[in-house]
Amino acid sequence: MIEALRCAIEVQRGMTARNATVPAERRIRFRIGINLGDIIEQDGDLLGDGVNVAARLEGPAEPGGICLSRAARDQVRDRLDVRLDDRGEVEVKNIARPVRVFSELADGEAPRPRARQRAPRLLVLTVAAVVLTILAAGGLWWWQPWVERVEPADVARMAYPLPDKPSIAVLPFGNLSDDAGQDFFAAGITDDIITDLSKVSGLFVTAAHATKSFKGKDASNREVSEALGVRYVLSGSVRRDGERVRITAQLADVLGGNHIWSNRYDRELVDVFAVQSEVTKRAVTAMEVTLKAREQDRVY
């Protein structure tokens with residue numbers, strides 16, 4: 001597992017060096033997920049939860065970043081000089097339970113392994129499987145956008161006619177705090193983002209009462225899109241710890257079948273409104289909405 005993480009770091013550093021000489025519009029940035037678990041080799045393919053979780057961990061990873069499961073983190077903790085950020089329990093698609101996610105910080109120091117030990121054959125095989133998973137994911141990202149694919153919506157199955165302008169539904173942001181009382185805090189952020197987006201005349205925004213029906217439900221982006229008749233779905237989560245808050249957000253183009261933007265914000269509580277404005281701005285930009293002159297100041 002140590003070698004797997006070292007390999008992932010070197011891949012990301014190599015891509016950073018490559019991108020330095022490439023125009024911005026042609027740069028490629030990988031997301032890498034690393035997991036330790038059981039795998040099955042079948043007809044040359046690697047299958048099983050070990051591979052599935054690693055693939056899903058690519059989603060919460062930042063472009064150019066690395067995410068590890070708790071099982072993988074436990075194998076490398078205190079054995080590499082790498083800073084890992086505990087991002088808590090994260091819900092990932094098609095995985096029954098939340099996955100504890102740790103991300104390798106981009107500004108961490110170069111890995112310095114402790115005394116080398118001869119690894120058992122089983123561990124070597126496991127590391128090799130993880131590395132193959134990373135390389136396979138890297139190959140896919142090379143030829144495809146570096147965003148997670150989503151199941152496309154079917155316009156013919158939409159409950160309402162698709163508007164003739166960009167349309168979006170903002171799902172209730174999940175409360176990842178231990179305190180259930182923070183549900184009101186998460187709901188307030190959701191409502192404020194909906195309000196800000198509703199001020200853009202070139203955008204159709206589903207009302208808050210319609211999206212609240214999906215709170216706590218394991219509905220896919222496709223199901224939300226078809227139920228509400230929208231092309232885009234914005235979702236996210238909130239974790240509050242004292243005077244600190246972490247907000248994540250991701251925007252899916254459900255008709256196009258992919259996530260077109262995602263980000264994570266770690267801020268002081270007093271900066272929450274700035275984060276809400278940033279989420280609104282990034283969503284509007286990603287949807288390529290044309291703003292009227294009077295709307296520029298509201299969004300930017």
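The protein chain exposes about 16400 Å² in this predicted model, and carbon and sulfur atoms supply 51% of that area. Of the 300 residues in the protein chain, 43% are buried. The secondary structure of the protein chain comprises 9 helices and 12 strands. When contacts in the protein chain with a separation of 6 or more are considered, residues 24 or more positions apart account for 67% of them.

Helix α7, which spans residues 221-228, illustrates how an element can be placed within the fold. Because 6 of its 8 residues are buried, helix α7 is largely enclosed by the rest of the structure. The buried positions of α7 are Asn 221, Arg 222, Val 224, Ser 225, Glu 226 and Leu 228, a set in which Arg 222 and Glu 226 carry charges by the convention applied here. The cover over these buried residues includes one helix, α6 (208-211), together with the strands β7 (167-170), β10 (232-241), β11 (244-253) and β12 (258-268). Just after α7, the chain passes through Gly 229, which takes a positive phi of about 70 degrees.

Two of the strands that contribute to the cover of α7, namely β11 and β12, also take part in the pairing of charged side chains. Side chains of opposite charge can pair when their charged atoms come close, and the structure holds 17 salt bridges. In one of these, the side chains of Arg 246 and Asp 266 meet with an N to O distance of 2.5 Å. This pair links distant parts of the chain, since Arg 246 belongs to strand β11 and Asp 266 to strand β12, with their positions 20 residues apart in the numbering. The two partners are placed in differing surroundings: Arg 246 is buried, with a relative accessible area of 12%, whereas Asp 266 is partly exposed, with a relative accessible area of 30%. The pair is also part of a network of salt bridges in which Asp 85, Arg 246, Arg 264 and Asp 266 are linked.

Other salt bridges join residues within a single helix. In helix α1 (residues 2-19), Arg 13 forms a salt bridge with Glu 10, and the closest N and O atoms of the two are 3.6 Å apart. Arg 13 and Glu 10 are 3 residues apart, which corresponds to about one turn of the helix. Both side chains belong to residues that are partly exposed, Arg 13 at 36% relative accessibility and Glu 10 with a relative accessible area of 44%. A comparable arrangement occurs in helix α8 (residues 272-286), where Glu 278 and Arg 282, being 4 residues apart, are separated by about one helical turn. The side chains of Glu 278 and Arg 282 meet in a salt bridge with an N to O distance of 3.9 Å, and Arg 282 counts as partly exposed at 31% relative accessibility.

Charged residues are also found outside such pairs. A negative surface patch is formed by Asp 178, Asp 179, Asp 183 and Asp 241. Within this patch, Asp 179 is placed in the loop between β8 (174-175) and α5 (183-198). Asp 179 is partly exposed, with a relative accessible area of 42%, and therefore lies above the cut-off of over 30% that is applied to members of a patch.

Definitions and conventions: Residues numbered from 1 in each chain as written. Predicted model: local features only at pLDDT ≥ 70, side-chain atom pairs only at ≥ 80, totals over all residues. Heavy atoms only, no water. Patch = residues over 30% accessible without salt bridge, like charges linked within 9 Å, V, L, I, M, F, W, Y side chains within 5 Å. Areas by Shrake-Rupley, 256 points an atom, 1.4 Å probe, with all protein chains shown as cover. Salt bridge = Lys/Arg side-chain N within 4 Å of Asp/Glu carboxyl O. Charge placed at Lys NZ, Arg CZ, Asp CG, Glu CD. Buried < 20%, exposed > 50% of the residue type's maximum accessible area, 1.4 Å probe, protein only. Contact = heavy atoms within 4.5 Å.
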